[in-house]
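The following exercises concern helix packing, enclosed cavities and backbone geometry. Please work through each task before reading its solution.

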Amino acid sequence: MHREFLMGNEAIALGALAAGVNVVAGYPGTPSTEIIETVRKRRGDDVYVEWSVNEKAALEVCAGAAYAGARTLVTMKCVGLNVAADPLMSLAYIGVKGAMVIVVADDPGPISSQTEQDTRTFAQLAKIPCFDPSGVADAYQMVQDAFALSEELHTPVFLRPTTRVDHGYEAIDVADESAWEKSLPAGFEKDPARWVIFPKLSVRAHAEIEARNASLSDRLSAYPQNRLERESDVCAAPRLGVATGGINYAYVRESAGADDCRILRVATPFPFPEELALDFLDGLDEVLCVEELDPVIERALLQVCGRHHLPVRIRGKLSGDVKPSGENSVAYVADLLAIFLGRASAPAPAALADAPELPVRPPVLCAGCPHRASFLAVKEAMRLEKTIYCGDIGCYTLGNARPLDMCDTCLCMGAGITIAQGVGHVEPDTRCFAFVGDSTFFASGITGVVNAFYNQADLTVVVLDNSTTAMTGHQPHPGTGVTALGEKVAPVSIEAVLRAIGLTVVETVDPLDHDHAVDVVSRVASEPGVKAIIFKSPCVFVSRPQATSHVDWSRCIGCQRCVKTLGCPALVPSPDGKVAIDESQCVGCTLCEQVCPTGAISGGASA
Amino acid sequence: MRRDIVLCGTGGQGTVLASKVLARAAMNAGLSVKSAETIGMAQRGGSVVSHVRVGEGAASPLVGLGRADLLIAFEPAEALRQLPYLREGGTLVTSDRPVVPVSATVGGPSYDVEKIMATLEAQAPNLTVVDAARAERELGSAKVLNVLLLGAACRTGRLGFTTDQLRQAIHESVRERFVELNDRALDWQG
């Protein structure tokens, strides 16, 4: 054993390696991304790891490996589970031979996601066990427990950390590499009655799964991570309990009065540890359920109370005592407990008298980001047209902000293309554009293009190819020609894919060559049918600036056209209206030089 | 020793490295440490906050409002935004140089740095202001704001580490060719 200061996601990766994982696959997505990156850095040579094109592919790759007896780890963010849901729902019936732990990082808030969905609820739907860690040390332990359970019961198992566990850090004791388990997969054995899903198999498996989960509930009541913590003063009346799990257990522990309550820490929200819950409820008058996202623990306790006719009042989200959405915090949970215990809550920090209004900081495209140039080219070319700009998931969603204002819709990965198609069927006179990033194109954009082409749509697909998966921290994808293992492989050409689908108008252009880019957009958009523009220019984190731009103040007339057109964070207006360039941010993209009406900006150059 | 420290700034300013340095200093001193970071979309120029909790007895990686012993701000508007984390009698160390967001130049709320600094002076009695622009001129680099602020925080005596402990942790956290620059930033006093 040795001690390391680890991020929750790093702890999950090291826990999986310690459990002898053989095959790891996932798609990047905040807050889950660092798990695969850590496996990549810390794995032994015999561990296979890949960035898959999407979560469905990742889960299927691991299903195949697990059929052949391997211990497998699949990672994704909460919404990624929706993409992987199809294989997962069936795999729950089929089961695995080796092991499969699916880490799904939920995101209360949401801080970096489209939804506040709850993988604990998904576990109930898929009928597979789910572990819910409260911190970094828990995550390290639980991923190993999840592997053991998966292998023993031949079922996929969820580990569902939330953002504060994924991105929390703690110094914890971890196993030395020499102590990692070694797993030798036994290989695939042909057995159609086991591996081929048919209705007859499904109905039998369904019954077995329900029976297994019922007995697992009893067994998990004795799982040490599901814990009953007794109140310090048993005479207090009314007798109060708090039921919680995940990071909220840590928040409860930070709250004054927690020692005066009985506490149920639920580490396996599904199957719910009912026997332990009965112990917890015994003699209590009221229970407060402290959890984020869905009221999973609250519903389970209501069910237990109903089944056993217990006169315990269960409070939580359903009763209106806990807010229905959003992230909890130390302060919010402390206030909840104070109210529940009938104590005065800690005084809220006094509002600052006479405080000035603070500037707002929505996330923005980086200085020099090529997406800004791509959006500007389309905006200028379509200035006089009726248009819709369907966006997608990635850095380029930030094109919605002023002054660009170039994202009219955003739904989920890959949806921009097919949404543009749908709008076009209803509004034939609208020029429909779909913006999609390179990684998103591979993840789920291609089927949309096929659908639009086959069904005779009229739209322009704009692929923003910056040669990386930028938003999640620059992971490679099929177009980059590099794998997660660092191997150089043949890159998949986006242009060739589009042409193979049947598109005849496909133009690749450098968006930083502004006038040319505007011309290309005008020309391509006027063609009938489905056509595509690939704006190819590397992310500023991938390229290296050669020289920053600078402003000649004798020629700057203070019109601020650069600021108002581009919204680049490196352009800083001074009090007299003239514009300066923040050299610490400028990467020399030269877009401001090209929009300046007096030629006052020059000198920029990028690789 | 228990110390709850909150660091705040904007994406890309180097708050994450600063909190890692503090965590390393704590581990070197044999102390428990937990921390939490803002990672994801907010890193694209948004407000970012790091929490560092040193010493036994911290259950959560996040510091509660009104409980931070020390607030280290990389930027004045962020100092004011996160001021509610500071406990009564807590210490604020802030850079005085604003990072003006794009929103303030295209119609969003404006950035009144003088009024913000005046509010900080009125609300935070234990205030240390670091002249970031002058420090950068004298150090010849804009990339060491994090170590500059850690040095100033250390000299308030509220960080709980000596300068040498901090120096050791920095040396273990940055690339060798940046060690000399970071040493000068750590020791810089305006």
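**Exercise 1: Cavities**

The lining of the second largest cavity comprises eleven nonpolar, three polar and one charged residues. Here Ala, Val, Leu, Ile, Met, Phe, Trp, Tyr, Cys and Pro count as nonpolar, Asp, Glu, Lys and Arg as charged, and the others, Gly among them, as polar. The model is predicted: local features need pLDDT of at least 70 and side-chain atom pairs pLDDT 80 or more, whereas totals for chains, interfaces and linings use all residues. Residues are numbered from 1 along each chain as its sequence is written, chains are lettered from A and ligands numbered from 1 in the order in which they are written, and side-chain values use heavy atoms, with hydrogens and water left out.

Task: describe the two largest cavities by volume and lining.

Solution.
- Step 1. A cavity is a set of points, on a 1 Å grid over the protein atoms alone, where a 1.4 Å probe fits but cannot get out; its lining residues have an atom within 4 Å of a point. Grid points are joined across faces, edges and corners, and the volume is the space filled by probe spheres set on the points.
- Step 2. The search of the whole structure yields six cavities of 30 Å³ or more.
- Step 3. For the largest cavity the volume is about 120 Å³. Its lining has 19 residues, and A:Gly368, A:Cys568, A:Cys589, A:Leu591 and A:Cys592 are those nearest its centre. At least two lining residues come from each of helix 14 (370-381) and helix 20 (591-595) of chain A. The class division of this lining is 14 nonpolar, four polar and one charged.
- Step 4. The second largest cavity has a volume of about 100 Å³. Of its 15 lining residues, A:Cys556, A:Cys559, A:Cys562, A:Cys596 and A:Ile601 lie nearest the centre.

**Exercise 2: Helix pairs in chain A**

Task: classify the packing of helix 4 with helix 5 of chain A, and of helix 14 with helix 18 of chain A.

Solution.
- Step 1. Helices (H or I, at least four residues) and strands (E, at least two) are DSSP runs numbered from the N terminus. Axes are lines fitted to C-alpha atoms, for helices over the stretch in contact, and angles run from 0 to 180 degrees between N-to-C directions.
- Step 2. Helix 4 (residues 80-94) and helix 5 (residues 119-126) of chain A have axes 10 Å apart, at an angle of about 30°. Helix 4 of chain A is therefore roughly parallel to helix 5 of chain A; angles under 35 degrees count as roughly parallel, over 145 as roughly antiparallel, 65 to 115 as roughly perpendicular and the rest as oblique.
- Step 3. Contact means heavy atoms within 4.5 Å. Helix 4 of chain A contributes A:Leu81, A:Asn82, A:Ala85, A:Leu88, A:Met89 and A:Ala92, while helix 5 of chain A contributes A:Thr119, A:Phe122, A:Leu125 and A:Ala126. This contact of helix 4 with helix 5 of chain A has eight nonpolar, two polar and no charged residues.
- Step 4. Helix 14 and helix 18 (residues 514-525) of chain A cross at roughly 55°, their axes coming within 8 Å. Helix 14 of chain A is therefore oblique to helix 18 of chain A.
- Step 5. In this pair, A:Leu376, A:Ala377, A:Val378, A:Glu380 and A:Ala381 of helix 14 meet A:His514, A:Ala517, A:Val518, A:Val521 and A:Ser522 of helix 18. By class, the contact of helix 14 with helix 18 of chain A has seven nonpolar, two polar and one charged residues.

**Exercise 3: Backbone geometry**

Task: locate the cis peptide bonds that precede A:Pro31 and A:Pro271, and place A:Gln560.

Solution.
- Step 1. The cis bond from A:Thr30 to A:Pro31 has omega near 5°. A:Pro31 occupies the loop between strand 2 (23-26) and helix 2 (34-42) of chain A.
- Step 2. From A:Phe270 to A:Pro271 the bond is cis, with omega near -10°. A:Pro271 belongs to the loop between strand 11 (262-265) and helix 11 (274-281) of chain A.
- Step 3. A:Gln560, although not a glycine, has a positive phi of about 60°. Its loop runs between strand 20 (550-551) and helix 19 (561-566) of chain A.

How values were computed: 1 Å grid on protein atoms, 1.4 Å probe; cavity = no way out; pocket = protein on both sides within 12 Å on 5 of 7 lines; lining within 4 Å.
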